[in-house]
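Hi there,

Here is the structure I promised to pass on to you. Have a look at it first, and then read my notes below.

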Amino acid sequence: VVFKGHWFSEQASAELYELCKKQLEETEKVEPTGRLIPIVDEESEAEETTEEWADKLVCEIPPDLAEDVALFPHQRTGVAWMQSLFRDHKARGGLLADDMGLGKTIQVLTFIHWHRQRQIEKGTDEPYLLVAPVALLENWERECQRFFPEGIAACIAHGRSASLIADSEFCRNTLVITNYETVSRQILRW
């Protein structure tokens, strides 16, 4: 058998086929798993289970979420978790990780819009910067407009457009969406 210019014996091809088939069968049997892990200070002990902790979270949905959009329960839990990290001044950050297609984008945008409401209440005007791979910049912009049409204006800063952003754009009403390379080149100019 010839594959991509390489010769394989029939026996080697059959063994490779069986190995790949077995791995695929095993992969299909594995259920995706995951759970929330609360951030616990190293000196303290967790006295409650993750499930008990997650049940205590309250998700505050910002008012500018599109009327035809509703968060799924796991998305509401993710947003509530991010909100709890923000409220906990001892929190050192968090990592929102989930399988593809389960709504991390809407969770992050919901949190940003919720935080924007806090800024309005406090009278602060800090900007939002989202850094993503260049292939996803337009997707983030579309999702922002789709989920929050009356919310924060999304502004892609990539290539030459990155140097054209007016100082007035750096405020709580704009989400600057850029990529890693642009940040490294523009950070001192911004």
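**Salt bridges and a strand**

R146 is exposed, since its relative accessible area is 51%. Please keep in mind that this is a predicted model.

Which residue does R146 pair with? R146 forms a salt bridge with E143, and their closest N and O atoms are 3.5 Å apart. Both residues belong to helix α5 (residues 137-147), where they are three residues apart, so about one helical turn separates them. E143 has a relative accessibility of 16%, so E143 counts as buried, the cut-off being under 20%. R146, at 51%, is on the exposed side, which begins over 50%.

As background, side chains of opposite charge can pair when their charged atoms come close.

How many salt bridges does the structure hold? There are four, and two others are worth finding on your screen.

One of them joins the side chains of R87 and E60, with 2.4 Å from N to O. This pair links distant parts of the chain: R87 is in helix α3 (residues 73-87), while E60 is in the loop between α2 (50-55) and α3, 27 residues apart. R87 is partly exposed, because its relative accessibility is 39%. E60 is partly exposed as well, with 33%.

Another brings together the side chains of D64 and R116, at 3.2 Å from N to O. D64 sits in the loop between α2 and α3 and R116 in helix α4 (residues 104-122), so this salt bridge ties together parts that are 52 residues apart in sequence. Are D64 and R116 buried or exposed? Both are buried.

Now for strand β3, which covers residues 128-131. Its side chains alternate: Y128 and L130 point to one face and are buried, whereas L129 and V131 point to the other face and are not buried. V131 has a relative accessible area of 34%, so V131 counts as partly exposed.

Where do L129 and V131 appear again? Together with Y180, they form a nonpolar patch on the surface, and the accessible area of the three together is about 280 Å².

Strand β3 also has a partner: β3 pairs with strand β5 (residues 174-178) in the parallel sense, over four bridges. If you want a spot to start from, look for Y128, which stands opposite L175 in β5.

Enjoy exploring, and write back with any questions!

Best wishes

Key: Residues numbered from 1 in each chain as written. Predicted model: local features only at pLDDT ≥ 70, side-chain atom pairs only at ≥ 80, totals over all residues. Heavy atoms only, no water. Patch = residues over 30% accessible without salt bridge, like charges linked within 9 Å, V, L, I, M, F, W, Y side chains within 5 Å. Areas by Shrake-Rupley, 256 points an atom, 1.4 Å probe, with all protein chains shown as cover. Helix = DSSP H or I, 4+ residues; strand = E, 2+ residues; numbered from the N terminus. Buried < 20%, exposed > 50% of the residue type's maximum accessible area, 1.4 Å probe, protein only. Pairing = 2+ DSSP bridges.
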